[in-house]
Amino acid sequence: MRTFIILLSFILLSSTVALEAQSFDIPVFAYHRFGDSRYPSTNIPLSVFESQLQYLADNHYTVLTLGEAVAKWKAGKALPDKAAILTIDDGYLSFYENGWPLLKKYGFSATIFVQTGTIGGNDFINWPQIKEMQKAGIEIGNHSHDHSQFLNLDETERSAVFLRDLAEASDHFQEHLGSTPALYCYPYGEWTPDMEQMLRAAGFAAATVQKSGVFSQSSDAMAIPRFPMGGPFGTLQGFKNKIVMKALEVTEASPASPFFSDNPPTLRLTIKPGEVNLKNAQFFVDGTKTEIKKITADGDQQIVVLQAVKKLTQRRTLYTLTAPSATGNSWHWYSHLWVNPKVAE
Ligand SMILES: [Zn+2]
């Protein structure tokens, strides 16, 4: 009987521990090309990349792969206080030739998202190189087969094309690596709630998007935000600013979809109470500071209404809200991606 009670309390205790959500804030960085000045908008100079790795090492950050972090999150396990995740999109040869050797030098890992349709093509890594990196601890993620702009299709067609592309990419991974990735990165970082649903149904553990922000216990697993680290964003100072950012917890965003009909579109965010000081919040439209339209209280929830002043003219536009924590010790970040599929890439 006594053994039984001890056993029972152990089971109860461990299940309580497992159910308790562990809070964490981990910035995820998105890179494309390394030391390839032919494409300045997606490139990071090697000296800058190395200075970022040096910064992580000097300041005792744990570098996790996205898969490791997601697995710990889902299992309710604690994640390190100081951690970062490095992701690389598109599988350009410059990662294999220039980026990976620097990661090895510092003993860091990363998650690389590759589109199976271009593997082995001119300027892209090939399957033996992918296998070599995977063996050495680089995590491989799915970045589609065709790298299509799925949002250009209407909803019914999009579902069919997306599922077909997903199956094709998985076949290639299975054939060449003997397994299929559980992580996905939407081409161009553009996604819709129905694509999230399809990934979930297909058994994916997580997916990354093209909107800035911090991965936290409140993230949508199928839309994990990342900070870009290429072109004008690829600096040491930018990296240092972003690495201390926290997630701004939004309990509801309306609309949830990236599409809009009124231009400029209105975004309505319900903010988790008590965490941030909204009086000092800042709103940016693609980096340009803009006045917040309205902040109202609804019970203990706070609602922030955001709208750009000018019409959105680009294919992708970010609305970003940042606010200091209630204690004033840190800054919190949230952004929403708008996509106008009528504008060409
Ligand atoms: Zn891509």
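Start by selecting Asn 122, which is exposed because 6 other C-beta atoms lie within 10 Å, and the cut-off for exposed is 12 or fewer. Keep in mind as you look around that this is a predicted model. Asn 122 sits in the loop between β6 (111-114) and α5 (127-135). Now add Tyr 92 to your selection: Asn 122 and Tyr 92 are 30 residues apart along the chain, and their C-alpha atoms are separated by 9.1 Å.

From that loop, step back to β6 and show β7 (residues 139-142) with it. These two strands run parallel and are joined by four bridges. To see one pair of residues, pick Thr 111, which stands opposite Glu 139 in β7. Next, turn on the side chains of β7. Which way do they point? Glu 139 and Gly 141 point one way, while Ile 140 and Asn 142 point the other way, and all are buried. In a regular strand the side chains alternate between the two faces of the sheet.

Follow the chain onward to His 147, in the loop between β7 and α6 (155-177). The phi of His 147 is positive, about 50°, although this residue is not a glycine. His 147 counts as partly exposed because it has 19 C-beta neighbours inside 10 Å.

Another histidine is worth a click. His 60 lies in the loop between α2 and β4 (62-64), and its phi is also a positive value, near 55°. Is His 60 buried or exposed? With 9 C-beta neighbours inside 10 Å, His 60 counts as exposed.

You can now go to the helix before that loop. Select α2 (residues 46-58) together with α4 (residues 93-106): their axes come within 10 Å and cross at roughly 25°. That angle makes α2 roughly parallel to α4, since angles under 35 degrees count that way. The crossing of α2 with α4 is right-handed. To light up the contact, choose Leu 46, Phe 49, Glu 50, Leu 53 and Ala 57 on α2, then Asn 98, Gly 99, Leu 102 and Tyr 106 on α4. Colour them by type and you will find six nonpolar, two polar and one charged.

For the last stop, move to the loop between β13 (250-254) and β14 (266-271), where you will find Pro 255. A cis peptide bond joins Ser 254 and Pro 255, with omega about 5°. Pro 264 is in the loop between β13 and β14 too. The peptide bond from Asn 263 to Pro 264 is cis, and omega there is near 5°.

Conventions: Residues numbered from 1 in each chain as written. Predicted model: local features only at pLDDT ≥ 70, side-chain atom pairs only at ≥ 80, totals over all residues. Axes fitted to C-alpha atoms, helices over the stretch in contact; angles between N-to-C directions. Parallel < 35°, antiparallel > 145°, perpendicular 65-115°, else oblique. Left-handed = near helix turned anticlockwise from the far one by under 90°. Contact = placed C-beta atoms within 7 Å. Nonpolar A, V, L, I, M, F, W, Y, C, P; charged D, E, K, R; others polar. Buried ≥ 20, exposed ≤ 12 C-beta atoms within 10 Å, placed from the backbone. Pairing = 2+ DSSP bridges.
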